[in-house]
Amino acid sequence: DKNSHFSFLELKPITGRKHQIRKQLYNIGHPICGDNKYFSNIVNKNLLLHAYKIKFMINKKKFLYKAILPNYFNDFLKKKRLKFSNN
C-alpha cells in the first residue's frame, strides 16, 4: 500500500544476510521508518520492520510460522492510512 509520504511493502528475501533489506531500501532512497542504523528521517521510536511470516525446510519437512503485527506497528499504519493484508 502507499500514500503520498509512505510505502508499505511486502518483501521476500531469499537469503538471511544481515541487514539485507535495510541496506537495499536505504540505498534506493527509501529507508525504513525508525531505522537508526540506516538513517531514516522519520522520527519513530520503533523500527517498522516485521517478519510476519517465515517458511523453511529441514530434512524435507516444511515449516511455516506467522506472527501478528505489534500494536505500535498497527497504530502507525492506521495513523498513516496504510492497509496490511496478511495473506
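# Close-up views of a predicted model

The structure holds one salt bridge. That pair gets its own view here, and the model behind every view is a predicted one.

**View 1. The salt bridge between Asp35 and Arg22.** Which two residues form the salt bridge? They are Asp35 and Arg22, and their closest N and O atoms sit 2.6 Å apart. Arg22 belongs to helix H1, while Asp35 is in the loop between H1 and S1, so the pair ties together parts that are 13 residues apart in sequence. Side chains of opposite charge can pair when their charged atoms come close. Are Asp35 and Arg22 buried or exposed? Both of them are buried.

**View 2. The chain as a whole, before zooming in again.** Here's the layout to keep in mind for the other views. The chain's secondary structure comes to two helices and two strands, and going along the sequence you meet them in the pattern α-β-β-α. The helices are H1, covering 20-27, and H2, covering 71-79. As for the strands, S1 takes in 53-58 and S2 is made of residues 61-66. Along its principal axes, the C-alpha trace spans about 45 × 25 × 20 Å. How much of the chain is buried? Of the 87 residues, 20% count as buried.

**View 3. The largest pocket and what lines it.** This pocket has a volume of about 1400 Å³. Its lining is made up of 45 residues, and the ones closest to the pocket centre are Leu9, Leu11, Ile21, Leu49 and His50. Which helices and strands each supply at least two residues of the lining? Helix H1, strand S1 and helix H2 do. H1 contributes the largest share, with four residues. If you sort the lining by residue type, you get 23 nonpolar, 14 polar and eight charged.

**View 4. A nonpolar patch on the surface.** Now for a look at the outside of the model. Ile54, Phe56, Ile58 and Tyr65 make a nonpolar surface patch of about 380 Å². Which element gives the most to the nonpolar patch? That's S1, with three residues. Ile54 is in strand S1, and its relative accessibility of 46% makes it partly exposed. Tyr65 comes from strand S2 instead, and with a relative accessible area of 47%, Tyr65 is also partly exposed. Zoom out from Ile54 and you can look for Ser4: the two are 50 residues apart in sequence, and their C-alpha atoms are 30 Å apart in space.

**View 5. Asn59 and Lys60, between the two strands.** What's unusual about the backbone here? Most residues other than glycine have a negative phi, and most peptide bonds are trans. Asn59 isn't a glycine, yet it has a positive phi of about 50 degrees. Lys60 isn't a glycine either, and its phi is positive too, at about 65 degrees. Where are they found? Asn59 lies in the loop between S1 and S2, and Lys60 is found in that loop as well. Asn59 is exposed, because its relative accessible area is 76% and anything over 50% counts as exposed. The relative accessible area of Lys60 is 81%, so Lys60 is exposed too.

**View 6. Asn41, in the loop between H1 and S1.** This view goes back to the loop that holds Asp35. Asn41 is found in the loop between H1 and S1. Is Asn41 buried or exposed? With a relative accessibility of 59%, Asn41 counts as exposed. Pro31 is ten residues away from Asn41 in sequence, and the C-alpha atoms of the two are 8.4 Å apart in space.

**View 7. Asp1 and Ser85.** The last close-up starts at Asp1, in the segment before H1. Asp1 is partly exposed, with a relative accessibility of 42%. How far apart are the C-alpha atoms of Asp1 and Ser85? They are separated by 9.3 Å, although the two residues are 84 residues apart along the chain.

Terms used. Residues numbered from 1 in each chain as written. Predicted model: local features only at pLDDT ≥ 70, side-chain atom pairs only at ≥ 80, totals over all residues. Heavy atoms only, no water. 1 Å grid on protein atoms, 1.4 Å probe; cavity = no way out; pocket = protein on both sides within 12 Å on 5 of 7 lines; lining within 4 Å. Points joined across faces, edges and corners; volume = space filled by probe spheres on them. Nonpolar A, V, L, I, M, F, W, Y, C, P; charged D, E, K, R; others polar. Patch = residues over 30% accessible without salt bridge, like charges linked within 9 Å, V, L, I, M, F, W, Y side chains within 5 Å. Areas by Shrake-Rupley, 256 points an atom, 1.4 Å probe, with all protein chains shown as cover. Salt bridge = Lys/Arg side-chain N within 4 Å of Asp/Glu carboxyl O. Buried < 20%, exposed > 50% of the residue type's maximum accessible area, 1.4 Å probe, protein only.
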